[in-house]
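Please look through the structure shown here with the following paragraphs at hand. They go from one helix pairing to the next and end with a pocket.

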Amino acid sequence: EDAPKPVDLAAALGGEDKLSPELVQTVLDTIGATVEKITGCHPERLEERALLFWEFFEVVMQSCRELVAAGGIPLHRGVPLFVQTLVAYMGLADKGLVALPAPPIDSSAQEDAYPDGPEN
C-alpha cells in the first residue's frame, strides 16, 4: 500500500487568494474571544458551548473585522481571503490530512448526538 504523500501546508493554505500567515495568526489570537462573545447568551458553560449554524457566519464576520482592526486589510478584501483559507483547510480535512478539534460535549450528549459513534 502506498503511503500518503506529505502535505505542504504552506503551499496548500497559502497564496494570493488566502490569508497570509500573519493574518491567520491574528485570527487565531482572537478566535477564542470572538466565539465567547458570540455564544455569550448560551446557557451552557463556556467550555461546553458550540456554535449554532448562523453563529458560524457571525464568527467569520467578526474575525474579518479583527483583521481590519489589527491593521491588516480592508473588510472587502478580508472576507474572501478568510473564506478561501477556510475552504482550503476544509479540503485538507475532507481528505483526512488535517483534523478539526472534537466538539466539546459530555459523554451522555455524545451518545445522543452520535448513535453510531462520532466517526460515522
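In this predicted model, a good place to begin is the contact between helix 2 and helix 3, where Leu-23, Thr-26, Val-27, Thr-30, Ile-31, Thr-34, Val-35, Lys-37 and Ile-38 in helix 2 meet Glu-55, Glu-58, Val-59, Gln-62, Ser-63, Glu-66 and Leu-67 in helix 3. Sorted by class, the residues of this contact comprise seven that are nonpolar, five that are polar and four that are charged. The axes of the two helices, helix 2 and helix 3, come within 9 Å and cross at roughly 135°. An angle over 145 degrees would count as roughly antiparallel, and one of 65 to 115 as roughly perpendicular, and helix 2 and helix 3 are therefore oblique to each other. The crossing in which helix 2 passes helix 3 is right-handed.

Helix 3, which covers residues 53–69, also pairs with helix 4, which covers residues 75–94, and the axes of helix 3 and helix 4 come within 9 Å and cross at roughly 125°. That angle makes helix 3 oblique to helix 4. Here, too, the handedness can be stated, for helix 3 passes helix 4 in a right-handed crossing. On the side of helix 3, the residues that take part are Phe-56, Val-60, Met-61, Ser-63, Cys-64, Arg-65 and Val-68, and they meet Leu-75, Gly-78, Val-79, Phe-82 and Leu-86 in helix 4. By class, nine residues of this contact between helix 3 and helix 4 are nonpolar, two are polar and one is charged. Ser-63 of helix 3 appears in the contact with helix 2 and also in the contact with helix 4.

From the helix pairs we can turn to the open space in the model, where the largest pocket holds about 1300 Å³. Its lining is made up of 33 residues, and those that lie nearest the centre of the pocket are Ile-31, Leu-86, Tyr-89, Leu-100 and Pro-101. Two of these residues have been named before: Ile-31 belongs to the contact of helix 2 with helix 3, while Leu-86 belongs to the contact of helix 3 with helix 4.

Which helices supply at least two residues each to the lining of the largest pocket? They are helix 1, at residues 9–13, helix 2, at residues 21–38, and also helix 3 and helix 4. Helix 2 gives the most to this lining, with eight residues. Taken by class, the lining of the largest pocket divides into 26 nonpolar residues, five polar ones and two charged ones.

Notes:
Residues numbered from 1 in each chain as written. Predicted model: local features only at pLDDT ≥ 70, side-chain atom pairs only at ≥ 80, totals over all residues. Heavy atoms only, no water. Axes fitted to C-alpha atoms, helices over the stretch in contact; angles between N-to-C directions. Helix = DSSP H or I, 4+ residues; strand = E, 2+ residues; numbered from the N terminus. Parallel < 35°, antiparallel > 145°, perpendicular 65-115°, else oblique. Left-handed = near helix turned anticlockwise from the far one by under 90°. Contact = heavy atoms within 4.5 Å. Nonpolar A, V, L, I, M, F, W, Y, C, P; charged D, E, K, R; others polar. 1 Å grid on protein atoms, 1.4 Å probe; cavity = no way out; pocket = protein on both sides within 12 Å on 5 of 7 lines; lining within 4 Å. Points joined across faces, edges and corners; volume = space filled by probe spheres on them.
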